[in-house]
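Q: I have a new structure open and I'm not sure how to read it. Could you walk me through it, one feature at a time?

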Amino acid sequence: MGALSHCIQKHPQLQNKEVKIKKERINMKKGSLEIVCGSMFSGKTEELMRRLKRAEYAKQNVLTIKHQIDVRKSCECIVSHSGSKREAFSFNGSLNCIETILELAKNHDVIGFDEIQFFPAKTIDAIVALVESGKRVIAAGLDLDFRGEPFTIMPTLLAIADEVTKLKAICIQCGQNAHHTQRIINGKPAKYNDPIVLVGAEECYEARCRNCFSIEKPLEETTKITPSLKTKLDERNF
Ligand SMILES: [Zn+2]
């Protein structure tokens, strides 16, 4: 018999206190982090909206957040490529705005982020804080940039997530599953050193499979990346 139960037997008035403690523990339950990732046109925003809509059916309060850099079709909504819309708070990139999100989130059960790859590193701390305080966080974003390399904060989020869903698009060239986003400039694949961020229309990007994806790397990038990766692998004594 535990010390608390023994005490309750001797002092029945403590029964209510024990029930209260148990309730508090349940109320303090931590939340979770779900990541929906994949290439462009893989249906990430659509999947995010589906999960958020289900949460609303379950009578939960849902906060949707977008980055203002994504002005594809609307400033106040997230919009999927299939045309579904959902109102969203627009994040302006400042640290103050992260504080605003944390404040807004207090009145919500579920927090959905779209295009999370555009958010600054500080957002990771905010997401961890939200999860610790019991929120269900769902974030959708590109896992790879147009170079085929991990996109900004995504590797960290994927590592700390409770659940990861990697969606596939269809390769526009061969019809196989695609997980790369091919950037096209003037009808040709973008070069490795072109700037990463350019949110644009369909004509700028294509979903491609690994075989059809193409990125021209400058020689110095090819030689720089390969030896450092080899060193890291050697250090781990596989
Ligand atoms: Zn292909």
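## Reading the fold step by step

A: Let's begin with contacts between residues at least 6 apart in sequence: in this protein, 74% of them join residues at least 24 apart. Keep in mind as we go that this is a predicted model.

Q: What does the secondary structure of the protein come to?
A: There are seven helices and 13 strands. Of the 238 residues, 29% are buried.

Q: How do I read a sheet, and in what order do the six strands of the open sheet come?
A: The general idea is that strands of a sheet pair through backbone hydrogen bonds, either parallel or antiparallel. Here the six strands are ordered β5-β2-β6-β7-β1-β8, and their pairing is parallel. At the edges you'll find β5 (89-91) and β8 (163-167); each has a single partner strand, so one side of each has no neighbour in the sheet. From one strand to the next, the twist averages 20 degrees.

Q: Can we zoom in on one pair? How many bridges join β2 to β6?
A: Four bridges link these two parallel strands. For a residue to look at, take I65, whose bridge partner in β6 is F113.

Q: Now the inside. Which residues have the most contacts within the largest nonpolar core?
A: That core has 40 residues, and the ones with the most contacts inside it are I35, I65, I111, F113, V137, I138 and A139. The elements giving two or more residues to this core include β1 (32-38), β2 (62-67), β6 (110-113) and β7 (136-142) from the strands, and α3 (44-57), α4 (95-105) and α5 (122-132) from the helices. The largest share, five residues, comes from β7.

Q: I've spotted F113 in both answers. What does F113 touch, not counting residues up to four places away in sequence?
A: F113 touches I65, F119, A139 and A140. So you meet I65 again, the bridge partner of F113.

Q: Let's move to helices. How do I check the length of α3, and what span should its 14 residues have?
A: Use a rise of 1.5 Å a residue: the 14 residues of α3 should span 20 Å, and the end C-alpha atoms are 20 Å apart, which agrees.

Q: And which residues of α3 are buried?
A: Look for K44, T45, L48, M49 and L52. These buried residues cover an arc of only 130 degrees around the axis, which puts them on the same side of α3. On the other side, R54 and Y57 are exposed.

Q: Where does α3 lie relative to the strands?
A: It lies across β1, β2, β6, β7 and β8, and runs at about 165 degrees to β7. Just after the helix, K59 takes a positive phi of about 65 degrees.

Q: Let me try the same reading on α5. Which of its residues are buried?
A: They are T123, A126, I127 and L130. Their arc around the axis is only 100 degrees, which puts them on the same side of α5. The face turned away from that buried side carries the exposed residues D125 and E132.

Q: What do the buried residues of α5 pack against?
A: They pack against β1, α4, β6 and β7. Just past the end of α5, G134 has a positive phi of about 100 degrees.

Q: Which strands pair in an antiparallel way with β11?
A: One is β13, joined by four bridges to β11 (residues 180-185). In that pair, T181 has A207 of β13 as its bridge partner. Another is β12 (residues 188-189), joined to β11 by two bridges. There, I185 stands opposite K188. The hairpin of β11 and β12 has two residues between the strands, and N186 takes a positive phi near 50 degrees in it.

Q: Last one: I clicked on I170. Which strand does I170 lie in?
A: I170 lies in β9 (residues 169-170). With 15 other C-beta atoms within 10 Å, I170 is partly exposed. Leaving aside neighbours within four places in sequence, its contacts are G175, A178 and A207. You've already seen A207 as the bridge partner of T181. I170 and E206 are 36 residues apart in sequence, while their C-alpha atoms are 9.4 Å apart in space.

Notes. Residues numbered from 1 in each chain as written. Predicted model: local features only at pLDDT ≥ 70, side-chain atom pairs only at ≥ 80, totals over all residues. Core = buried A, V, L, I, M, F, W, Y, C linked by C-beta atoms within 7 Å. Buried ≥ 20, exposed ≤ 12 C-beta atoms within 10 Å, placed from the backbone. Contact = placed C-beta atoms within 7 Å. Expected span 1.5 Å × (residues − 1). Arc of directions from axis to C-beta. Pairing = 2+ DSSP bridges. Axes fitted to C-alpha atoms, helices over the stretch in contact; angles between N-to-C directions.
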